[in-house]
Amino acid sequence: MAKVKREMVTVSASYYNFSERYEQEMAFLDDESIRVISVNVISRKEDDHSTQEKYLVFYQEVDTDTFEE
């Protein structure tokens, strides 16, 4: 059984491009060899022009050769 891994991901951006930055920072989760267990917001800071959110991501690496859906 694969070990559960965790990673801290920080997304910092202006309000206008936050969604785009979020997609860029979380892109590693799109890999077929990763099974996401959970993504949790652990902090959020805002000011007049920007937002910073920190996420704690738990995932497992899976063998794509034997993985069946």
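## Charged and polar side chains in a predicted model

At 7% relative accessibility, E53 counts as buried, where buried means under 20% relative accessible area, exposed over 50%, and partly exposed in between, with a 1.4 Å probe and protein chains only. This is a predicted model, in which local features need pLDDT of at least 70 and side-chain atom pairs count only at pLDDT 80 or more, while totals for chains, interfaces and linings use all residues. Residues are numbered from 1 along each chain as its sequence is written, and side-chain values use heavy atoms, with hydrogens and water left out.

Although E53 is buried, its side chain meets that of R44 in a salt bridge with an N to O distance of 2.1 Å, the term standing for a side-chain nitrogen of Lys or Arg within 4 Å of a carboxyl oxygen of Asp or Glu. R44 also forms a salt bridge with E46, at 2.5 Å from N to O, and E46 is partly exposed, with a relative accessible area of 48%. R44, E46 and E53 are thus linked in a network of salt bridges.

The count of salt bridges comes to four, and one of them joins the side chains of K5 and E61, at 3.3 Å from N to O. Because K5 lies in strand β1 (residues 4-14) and E61 in strand β3, this pair ties together parts that are 56 residues apart in sequence; strands here are DSSP runs of E with at least two residues, and helices are runs of H or I with at least four, numbered from the N terminus. Both partners are partly exposed, K5 with a relative accessible area of 34% and E61 with 41%.

Strand β3, which spans residues 50-61, also holds Q60, a residue that is buried, with a relative accessible area of 8%. The side chain of Q60 is joined to that of R35 by a polar contact of 2.4 Å, that is, a pair of N or O atoms within 3.5 Å, of which, within protein, one must be able to donate a hydrogen and the other to accept it, residues adjacent in sequence counting only if both atoms are side-chain atoms.

Elsewhere, E23, D30, D31 and E32 form a negative surface patch, built from residues with over 30% relative accessible area and no salt bridge, like charges being joined within 9 Å. Of these residues, D31 sits in the loop between α1 (18-25) and β2 (34-46), and its 40% relative accessibility makes it partly exposed.

Key:
Patches are made of residues with over 30% relative accessible area and no salt bridge: like charges are joined within 9 Å, nonpolar side chains (Val, Leu, Ile, Met, Phe, Trp, Tyr) within 5 Å. Accessible areas come from the Shrake-Rupley method with a 1.4 Å probe; for residues, only the protein chains shown count as cover. Lys and Arg count as positive and Asp and Glu as negative; His and the chain ends are not counted. The place of a charge is taken as NZ of Lys, CZ of Arg, CG of Asp or CD of Glu.
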